[in-house]
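Visitor: I would like to learn how to read helices and charged pairs in a structure. Where should we begin?

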Amino acid sequence: MTIIDDLRALETEALAAVESAATSEALETTRVGYLGKKGSLTAILRGLGALSREERPEVGRVSNEVRTALESALEAKRAALHGAARESRIAAEAVDVTLPGRRWPVGKQHVLHEIVDEIVEIFAGLGYQIAEGPEVELDYYNFTALNHPPDHPARALQDTFYVRDLSGDRAVVEGESDVLLRTHTSPVQVHVMESQKPPIYVLAPGKVYRRDVADPSHLPQFTQIEGLVVDEGITFGDLKGTLEHFVHQMFGPKRRVRLRPHFFPFTEPSAEVDVSCAICGGEGCRSCGGEGWLEILGCGMVDPNVFGHVGIDPERYTGFAFGMGAERIAGLKYGVPDLRLFVEGDTRFMHQF
Amino acid sequence: MRVSLKWLKDLVDVALPVEDLCDRLDMTGTKVEAVHSLGATLEGVVIGRVLTKEQHPDADKLSYCSVDIGAVEPLKIVCGATNFEAGDRVPVACVGATLPNGLTIKRAKLRGLESQGMMCSPTELGVGGDASGLLILPSTAPVGTPYAEYAGLADSVLELEVTPNRPDCLSMLGVAREVAAVIGTDFETPSGTPSESGEPASDAVRVSIAESELCPRYTARVIRGVKIGPSPDWLVERITAAGTRPVNNVVDVTNYVMYELGQPLHAFDLGKLGSADGVATITVRPAAPGETIRTLDGQDRGLAGDTLLICDSSGPVALAGVMGGESTEVSEGTTDILLEAACFDPRSISRTSRRLGLISESSLRFERGVDPDLAARASDRAAALIAEVAGGVVAPGIVDAYPGEKPLPELTLRADRVNAILGTALASADVVALLEPLGLGVVAADDALRVTVPSFRPDLEREIDLVEEVARLHGLENITSTRPGGRERIGGRTSAQRTRARIAATLRSAGLDEHIGYSFGDPADLARLSWDLASDETLVELINPMSEEQAVMRWTLVPSLLRAVSYNQRRGVPDVHLYEMGTAFLTAQGRKQPKERLMLAGALTGSWSRPGWNSPGGTLDFFDGKGVLETVMESLHADRWQVRESARAWLQPGRSADVIVAGDVVGWLGEAAPDVLDAFEVTGPVVLFEISVAALLKAAARASILYRDVPRFPAVTLDIALVVDEAVTAERVTSALRSAGGSLLESVRLFDVYRDVPGAPDDARRLPVGKKSLAFSLVYRAPDRTLADEDVRPAYEKLVRKVCGAVNGEVRS
């Protein structure tokens, strides 16, 4: 047996050992057994120094061959074992993908505020600012400056909430107080016109209060969205075009819009705005009470008397105003049958929208 | 206003179908809220013409007829009547029709022949007593027309929504005028002139008016010798259609004329009016203090000082414009009538009717404003009708006190102003053509139109009122839609509004649902919450609340949320996470309007979600609430805030904290106290918080965000556990660590709190009694190099020394 023979024998043995290693650990043991510091191939290589000058190159070449063959076999086996291990891990990690996911609860915006926000977005896109005002108002802002005559029935104690006035002022309205819960968002119009010069383009959403007993179609508190535009050259046609744009954005481009003349103290000419019924398209059905139209807002050109209260010249400026109820729009959009659902806080109701 | 179509058609020629009329009214400002059918409709009964009449082959007394009803095929009808011939026109009840006697017509075989309908007698139609034969109609009766329509049996009543500015439309005359204007036809003004005889009215009645502002006009007529009794059918039918029940012929006439012309009338029993020397003295004046009257409905009513009264020599006999008095009521024995037609101040009538809760057809009209010019004409009309239906003789003349007579107003209307407001391009002539049918006198002057406003349109006071008339008659549908330009316009939300939206969005992404509760508050909630108001705070009290539970404006949003939690829990929903952003109201002595503060409040109870196959659930507690706040603060980049243990009466002691921003207490956070849970019928724990939104906006520091280098070199992380007294707060240790950390210490994170189980035996204890262990992860990093453990060691050892000294702790080994 020459040393060359020994090497070849070792090669055969080592390759077989590599091939038969079943795990990465066994493979490593095999590697160490042949190529480690105390490995058998290593030992042979260490013995090279004792060889004769003639033997050395040949033995060196063969031992390198053996080493290279062994290393590449080890590498191939390592990759094979690694792949197999990964595959078996993957097999073990398979899940039933139809099991429910791990969820974080997602909170829901109140449907009324969702509607308010949608309307705000539409009008912000038309260049409107968002204005706010106090919920406890003075009669002047809620009624007088909005051209309500002194004996207007809306001022009656049975319709409007009055607040105890602690200022010591002698109350002039309704005998007791001229401080009240605003009955509409329209007083914001007056505040804006007092503090801002035209051009004015504002939208004023907010809570308003009227003395109605809570029932399926009434609440003593509800949500209004008011719009006001004051500028040079504003016409009723502008009002109409603006509201048509709004309706098409809010309810869809197929809905038709109709303005019917109406009366409001603080606008003239005034109109009520109807949208064609989504169910019947205007033919009349049960959902629209056979009318084909659903009333959604009131509007009109700002009455010159209102401009008079805030010192805007009605000959130079004209304007329009409109107001709508978020509850009404939510009711129409989603068919909510009872307004009280909006204030009860039932989370099962909230999550429907 | 209820408008009988039959009545309307007497006054104006309505040639279009009811639906079209309703549309026209809708689109010109008089909304038709409903259309009711009155009278027999006899649906399915039409006019037919007998084409052939043959003997029934199997029945002597029956004939077999072919009848044209305007359909493609004539009907085959078997008939038992004999009083008709081929060619006659008769009412035919078709298959499916139901007659007033309840008979429903069906296809039927009579002695072997099919009958497809029934020809009707007057009795069968309920229009007369003759049952002996068919109702033979004139040869002009149109074949195929519904019989009820042909015979005028049916009536439609339109229910109109009359806006407050249109008192004129509270009468048939006014509606007729409006209808004529909007459909472009003529109308007729009903009038009547009584034939007069006997002593003149002025010999029997004298009228004086105390304040012409309150009563611009008062007229009185005298009718003698009437016979009170039931009204004739036509009169009953009319006032019933208008919505009033018949009383007697005289009262019915006053109601009829009120509906017809819009002038409320009152009939006094002249014999019961106090008189001097046979002359009744009517005085119109405000009530004196302490006066009372018994009204027609038998109620004794005390009168406020500004109640306008009709008085005779002995005292009040009627509440002007609202209701008559019992003592002078027209009754069966009445023979002589004093007929009042007057005009009263709308505001005075409105106050009286509201104060007394008496709303009548009369007061409704006076409240809106009755044309003072109408009184005498209405009086004439009513007197003539009374004489017609109740007999009697009308005394010559009207006693007419008219101190408030005013000339008709004249307004200026510029066509270019019309166009500037409406966005139209109407010529002056167009405007004139639109306004004249309304009864306005329009004259073109040099630069504008001069418009004379008739007395029945008190709403037309200014140019803009005329613009509105032009708009609605021109048709809003005919105005071209445009949109404003506006060069200097700025739109969008303010920064504060955007930040509020960001806070709300963060809360939702943290799992909270938005609630909107009532702004009203229950003063008893002060006790339920053991909430003490500050000495300078007062609740905002409503003078006229809907209920005791809503008697004030809420000063905190907490009850609103607790009630919503309770509502959900009672309905089997245990996991409730709510936030509300809304106004809280407080006032103080000397204040007129309250302070309104926008608050953010939250309530958390149950779990974030029900335990699942892969998530444990777990009951929400203080730290879930705090975590929500931390998340909100992080989204706002607010870092100058902290919480501090506090004692809020509505929170459980030891789980109650104030929220402090820049040194100010701006809110609180904690778990609801057991008493509060009981008072609101809520199952705990419930975590609550409430913070001033203004303070959050102030704390938000997004605007000052500056870029910092993202770390490029790895950090060294060292953990340390410190054993300290129970009383030492995590925050104290954390800040001691931070201040002792040196420049390389990047962050300090508490990751564990260890306590021995209370009452554990000594051999199971790992800490001295009264101590806890807080474990922190310290991250050291240099911006310019990779740190080695040795670089950090000196700083770490210095930190340990300093911190142990500062918090009296030691490192847990």
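Guide: Begin with contact, which means heavy atoms within 4.5 Å. Keep in mind that this is a predicted model.

Visitor: Which elements do the buried residues of α10(A) pack against?

Guide: They pack against α5 (111–125), β5 (221–231), α8 (236–251), β9 (318–325) and α11 (341–344) of chain A. The helix itself spans residues 326–334, and its buried residues are A326(A), E327(A), I329(A), A330(A) and G331(A). After α10(A) comes G335(A), with a positive phi near 70°.

Visitor: Why do residues three or four places apart in an α-helix point the same way?

Guide: There are 3.6 residues a turn in an α-helix, so residues at that spacing point the same way. For a case, take helix α9 of chain B, residues 361–368, where S362(B), S363(B), R365(B) and F366(B) are buried. Looking down the axis of α9(B), these buried residues fall within an arc of 160°, so they line one face of the helix.

Visitor: What do the buried residues of α9(B) pack against?

Guide: Their partners are α7 (249–261), β21 (337–343) and α8 (346–356), in chain B. The residue following α9(B) is G369(B), whose phi is positive, near 110°.

Visitor: Now the charged pairs. When can side chains of opposite charge pair?

Guide: They can pair when their charged atoms come close. The cut-off for a salt bridge here is 4 Å, from a side-chain nitrogen of Lys or Arg to a carboxyl oxygen of Asp or Glu. By this rule there are 66 salt bridges over all chains. One of them joins the side chains of E118(A) and K333(A), at 3.4 Å from N to O. E118(A) is in helix α5 of chain A and K333(A) in helix α10 of chain A, so the pair ties together parts 215 residues apart in sequence. E118(A) is partly exposed at 29% relative accessibility, and K333(A) is partly exposed at 32%.

Visitor: Where do D178(A) and K592(B) lie?

Guide: D178(A) lies in the loop between α6 (139–142) and β3 (179–181) of chain A, and K592(B) in the loop between β31 (576–586) and β32 (595–605) of chain B, so the pair joins two chains. Their closest N and O atoms are 2.9 Å apart, in a salt bridge. Both D178(A) and K592(B) are buried.

Visitor: Is R301(B) buried or exposed?

Guide: R301(B) is buried, with a relative accessible area of 11%. Its salt-bridge partner D297(B) is partly exposed at 36%.

Visitor: Which residues are linked in a network of salt bridges?

Guide: One such network links R166(B), D168(B), E178(B), R457(B), D459(B), E469(B) and R472(B).

Definitions and conventions
Residues numbered from 1 in each chain as written. Chains lettered and ligands numbered in written order. Predicted model: local features only at pLDDT ≥ 70, side-chain atom pairs only at ≥ 80, totals over all residues. Heavy atoms only, no water. Buried < 20%, exposed > 50% of the residue type's maximum accessible area, 1.4 Å probe, protein only. Helix = DSSP H or I, 4+ residues; strand = E, 2+ residues; numbered from the N terminus. Arc of directions from axis to C-beta.
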